[in-house]
Every structure is written in C-alpha cells, then in structure tokens.
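Please explain this structure to a student who is meeting it for the first time, going from the chain as a whole to pairs of helices and then to single residues.

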Amino acid sequence: MMNQLDLDISDEQVRINPYPTFSNLRQSGEIIWSELLGIWLAPTHATANAVLRAKTLGRIFTPKEPEGDWGIFNWLHADSILDSEPPKHTRLRALVQKAFTPGRINSLKPNIVEICQGLLDDAETKLTRDGHFDLLADFAEPLPVLVIADLLGVPRQAVSDLRRWSQDIVKMYEVAPSELETKAAQDSCSQFSEFISQLANQRGSEPQADLITALVEVEEAGERLNEHELIAMCILLLNAGHEASVNGFGNGFVALCQHPQQLALLAQDPNLHARTALEEMMRFDSPLQLFERTAIQDTQIGSVTITAGQKVGALLGAANRDPAVFENADDFNILREPNPHIAFGAGIHFCIGAPLARLEMQTALTMLLTRFPTLHLAGPAQQRPTFVLRGWQSIPVSI
Ligand code: HEM
C-alpha cells in the first residue's frame with residue numbers, strides 16, 4: 001500500500017503545486033522515509049538545513065553505466081566542485097573563489113544594465129506590435145544566459161548552443177528521463193566539453209579579461225585546475241549560472257502576478273523594495289527543490305539516524321515554507337525581513353553565484369517594473385512538467 005505521506009513526484013498535481021504535500025510532510029515528521037524515492041526526506045527548515053550542513057552527509061556522485069556512453073557526463077560531474085567533497089571540494093572552491101571575486105561581480109553591473117535595456121527595448125517592440133511578450137523567453141531566460149556567457153568569455157554567437165547543451169544536461173537530474181533525452185544529454189556533454197576545451201586553449205595562448213582566462217591562470221597554494229576540472233568548472237558555472245536564475249525569476253514573477261497588491265506595492269517604488277522582494281521570490285517558490293546527500297557514516301538528523309550508504313534529500317521549497325521559521329509562511333510578502341530562506345543552499349556547497357544572482361535579478365526586477373509599472377499576466381502561464389528544477393515554460397504578459 002502506498003504511504004499516504006509520501007512524495008509522489010510523478011503525480012502531476014504534486015508537480016503543479018507541491019506545497020500542500022510539503023505541508024503534510026512537515027506535519028508528519030521532521031524527517032520521513034520515502035518508499036517511492038527510496039531516500040529519506042527532510043521537509044522542515046531545521047532538518048533540510050542540517051542535511052546540507054552535516055559533514056558526514058556528502059554529495060557522492062554515482063557514475064552512470066555503461067562508462068563508454070556516459071564517459072564525459074561522468075567526469076563532468078566527478079570532477080566538478082558541486083559533486084565533490086573535502087579535500088577535493090576545498091581545493092576547487094578555493095581556486096574558483098579566487099577567480100570569482102566580489103570586484104569581478106560588482107564590475108558586471110553596467111553590463112547587466114545594458115543587457116536588460118536591450119531586452120526591454122525588444123519587449124517594448126513586441127508589446128507595440130502584438131500587445132504582449134513572453135516574460136520568460138524574452139527576458140528571464142536570455143538575461144542570465146547572456147550575463148554568464150559574457151562573464152566567462154563565451155562569444156555571444158554561441159549562446160543558443162550553450163542554452164541547448166545546458167537544457168539537455170539538466171534533464172538528467174529529473175526522475176526517469178527518456179532514451180531520446182539520454183542520448184541528447186550524452187551528445188551535448190561531448191559538444192559542450194569540446195567547445196570549452198578549445199576556448200580554454202585559446203585563452204591559454206591569448207589571455208583576455210574574462211573568467212575562463214582567470215580559471216586557466218588561477219593558482220592557490222601551488223595548485224591549479226587540471227584540464228577536466230577546468231572544463232567541468234566552466235560548464236557547471238555556465239549551467240548553474242543561468243538555470244536557477246531563469247526559473248527563480250519566472251516563479252517569483254508569477255507569484256507577484258498572483259498577488260496583485262504586492263506587485264503594485266513593488267511597482268510603486270522598485271528601487272526601494274527590489275532587495276526584499278527578490279528574497280521573497282526565492283523563498284516563496286524556489287527554483288531548485290531537492291538536493292540529495294549520501295551518508296558517509298551513520299548520521300543523526302532530527303530524531304532519525306541516516307545509516308551509512310543511505311541517501312537523504314533536503315526539500316528546499318518545503319523548508320522555505322516552514323511556519324516554525326516564517327510567520328504566515330504561505331503568504332507572499334515582499335517586505336518580509338529577516339528572510340532566512342535556504343533557496344541558495346547552506347554549508348560548504350552554498351551557492352557561489354548567489355551574489356551574482358542577487359545583483360542580476362534585483363537589477364532586472366527594478367528595470368522591468370520601472371519600464372512597465374502595470375505589467376500583468378496576459379493569459380495563463382504554462383508550467384514545465386518537472387519537479388527538481390521548478391519553473392515555467394512561458395509567461396505571457398502585457399501592460
Ligand atoms: C536564483 C539563482 C540561483 C539559485 C537558487 C542557486 C541555488 C544553488 C544551490 C541550492 C546550491 C547548493 C547545491 C547543494 O548544496 O547541493 C548551489 C550551488 C552552486 N551554485 Fe547556485 N544558484 C543560483 C545561481 C547561481 C549562479 C548565477 C551561479 C554562477 C555564476 C551559480 C553557481 C553555483 C555553483 C558553482 C555551485 C556549487 C558550489 C559548491 O559545490 O561549492 N549559482 N546553487
């Protein structure tokens with residue numbers, strides 16, 4: 001018999017709106033065994049946070065079989081910062097942190113403004129011509145892709161390839177991808193890694209003021225990135241650097257539209273409220289819902305011992321609606337402060353791109369609503385059929 005308190009992510013209703021299920025899970029316990037997923041689930045703020053911070057729960061990558069077809073996919077993960085643990089993680093994180101400085105991030109502001117300007121000009125043309133535009137395809141999606149491509153030093157003409165490669169790869173993080181999707185992911189890993197390898201070689205001989213060059217040159221305590229680590233780092237930065245931002249901005253904007261008073265309050269003075277509004281957008285409908293860890297040794301979380309070898313998933317979206325931490329947790333309140341959500345994770349893998357994501361999305365939100373203060377949904381937004389990376393397919397808007 002199916003456990004009534006399980007999380008059935010194949011259920012369309014759960015994918016459309018997982019929050020009632022999250023609420024049931026939180027009420028039934030701080031940590032729950034999922035028969036369906038074969039892992040423990042941490043649905044409260046305290047347990048999800050503890051899972052992400054526990055030193056004895058690691059991100060352990062299980063290589064896919066057969067190695068021949070999955071070879072590149074496997075090393076792109078095994079050699080990436082996100083899928084490694086100390087001491088390798090410490091070494092990779094120190095290297096990337098050295099190249100990814102606050103100065104480099106802050107200097108991106110004029111570029112972000114210019115990109116937003118261009119996208120909003122095009123959106124205005126569409127508004128005049130068609131009466132609507134797609135907030136996702138015309139704004140939320142191209143913005144972070146262009147920003148991260150410029151930051152790394154990927155030429156703009158390669159941006160559509162980059163988006164396709166990334167989309168193919170992230171489909172592997174959902175449950176039960178199809179054969180066609182699997183093949184596409186393998187091909188994309190091969191094309192993407194070849195592309196980055198060539199670019200890195202070029203930068204080795206002709207350095208530029210970009211992050212790829214910085215990563216080629218970076219050295220910490222006599223250590224450098226080897227070739228696979230360098231490629232894996234660039235690909236992770238390019239993918240992680242836009243997938244969550246696209247969906248985070250899209251989810252947050254739909255939430256704003258579903259709460260017109262909050263949207264009107266923000267539109268009255270976007271400069272004043274963008275910072276807290278953005279944090280509430282990340283909390284209320286988080287773009288990344290589930291991150292798994294494997295117990296390296298028996299680990300106590302809440303009242304449960306995760307035994308060595310077992311897996312546990314931190315449910316970020318559930319944690320971010322936990323009434324034990326957030327007053328009126330199901331209310332969308334752009335003035336909420338403090339807002340200790342964990343949409344950017346916690347512990348040693350805490351999102352390295354959080355300062356960039358915040359700068360980019362606050363700027364985007366302010367510029368969008370300054371230009372179009374009466375922006376609203378022009379029809380039903382279309383959801384993606386995914387659980388882990390939660391987002392929208394299209395968000396038609398008009399003024
Ligand atoms: C709304 C935007 C974003 C969200 C919600 C987000 C969320 C997250 C989360 C939850 C993690 C931790 C995963 C785990 O613990 O297993 C993470 C890690 C990471 N993120 Fe982000 N992220 C965002 C934007 C970005 C951007 C813009 C970049 C790059 C420029 C980036 C690069 C990374 C990297 C490299 C890691 C791995 C860090 C490590 O393993 O030490 N992210 N992100």
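In which loop is P338 found? In this predicted model, P338 is found in the loop between α16, which covers residues 316-319, and α17. We will come back to that loop once the rest of the chain has been described.

Begin with the chain as a whole, which has 17 helices and 12 strands. Along its principal axes, the C-alpha trace spans about 60 × 55 × 40 Å. A compact globule of 399 residues would have a radius of gyration near 21 Å, and the protein chain, with 21 Å, agrees with that. Buried residues make up 43% of the 399 residues. Among the contacts with a separation of 6 or more, 70% are between residues 24 or more positions apart.

Next, look at how some of the helices pack, starting with helix α9 (residues 142-152) and helix α13 (residues 227-258), whose axes lie 8 Å apart and make an angle of about 155 degrees. Angles over 145 degrees count as roughly antiparallel, and α9 and α13 are therefore roughly antiparallel to each other. Their crossing is right-handed. On the side of α9 the contact is made by P144, V145, I148 and L152, while α13 brings C234, L237, L238, G241, H242, S245 and V246 to it. Sorted by class, this contact of α9 with α13 has 8 nonpolar and 3 polar residues, with no charged residues.

A second pair is formed by helix α7 (residues 109-130) and helix α17 (residues 354-371), whose axes come within 10 Å and cross at roughly 40 degrees. That angle makes α7 oblique to α17. Here, too, the crossing is right-handed. The residues of α7 that take part are K109, I112, V113, C116 and L120, and they meet L359, E360, T363, A364, M367, L368 and R371 in α17. By class, the contact of α7 with α17 has 8 nonpolar residues, 1 polar residue and 3 charged residues.

A third pair is made up of helix α14 (residues 260-268) and helix α15 (residues 270-284), which pack at an angle of about 130 degrees with their axes 6 Å apart. At this angle α14 and α15 are therefore oblique to each other. The contact joins L265, L266 and A267 of α14 to P270, H273 and A277 of α15. Its residues divide into 5 nonpolar and 1 polar, with no charged residue.

Finally, turn to the details of the backbone, for which a general expectation is useful. Most residues other than glycine have a negative phi, and most peptide bonds are trans. Against that background, the peptide bond from P86 to P87 is cis, with omega near 5 degrees, and P87 is found in the loop between α4 (67-78) and α5 (88-99). Another cis peptide bond joins E337 and P338, where omega is about -5 degrees. This brings us back to the loop between α16 and α17, in which P338 is found.

What is notable about the phi of N328? Phi of N328 is near 45 degrees, which is a positive value in a residue other than glycine. N328 also lies in the loop between α16 and α17. A residue counts as exposed if 12 or fewer other C-beta atoms lie within 10 Å of its own, and N328, with 9 other C-beta atoms within 10 Å, is therefore exposed.

Definitions and conventions
Residues are numbered from 1 along each chain as its sequence is written. This is a predicted model: local features need pLDDT of at least 70, side-chain atom pairs count only at pLDDT 80 or more; totals for chains, interfaces and linings use all residues. Axes are lines fitted to C-alpha atoms, for helices over the stretch in contact, and angles run from 0 to 180 degrees between N-to-C directions. Helices (H or I, at least four residues) and strands (E, at least two) are DSSP runs, numbered from the N terminus. Angles under 35 degrees count as roughly parallel, over 145 as roughly antiparallel, 65 to 115 as roughly perpendicular and the rest as oblique. A crossing is left-handed if the near helix is turned anticlockwise from the far one by less than a right angle, and right-handed if clockwise. Two residues are in contact if their C-beta atoms, placed from the backbone, lie within 7 Å. Ala, Val, Leu, Ile, Met, Phe, Trp, Tyr, Cys and Pro count as nonpolar, Asp, Glu, Lys and Arg as charged, and the others, Gly among them, as polar. The radius of gyration is taken over C-alpha atoms; the globule rule is 2.2 Å times the number of residues to the power 0.38. A residue is buried if 20 or more other C-beta atoms lie within 10 Å of its own, exposed if 12 or fewer, and partly exposed in between; C-beta atoms are placed from the backbone.
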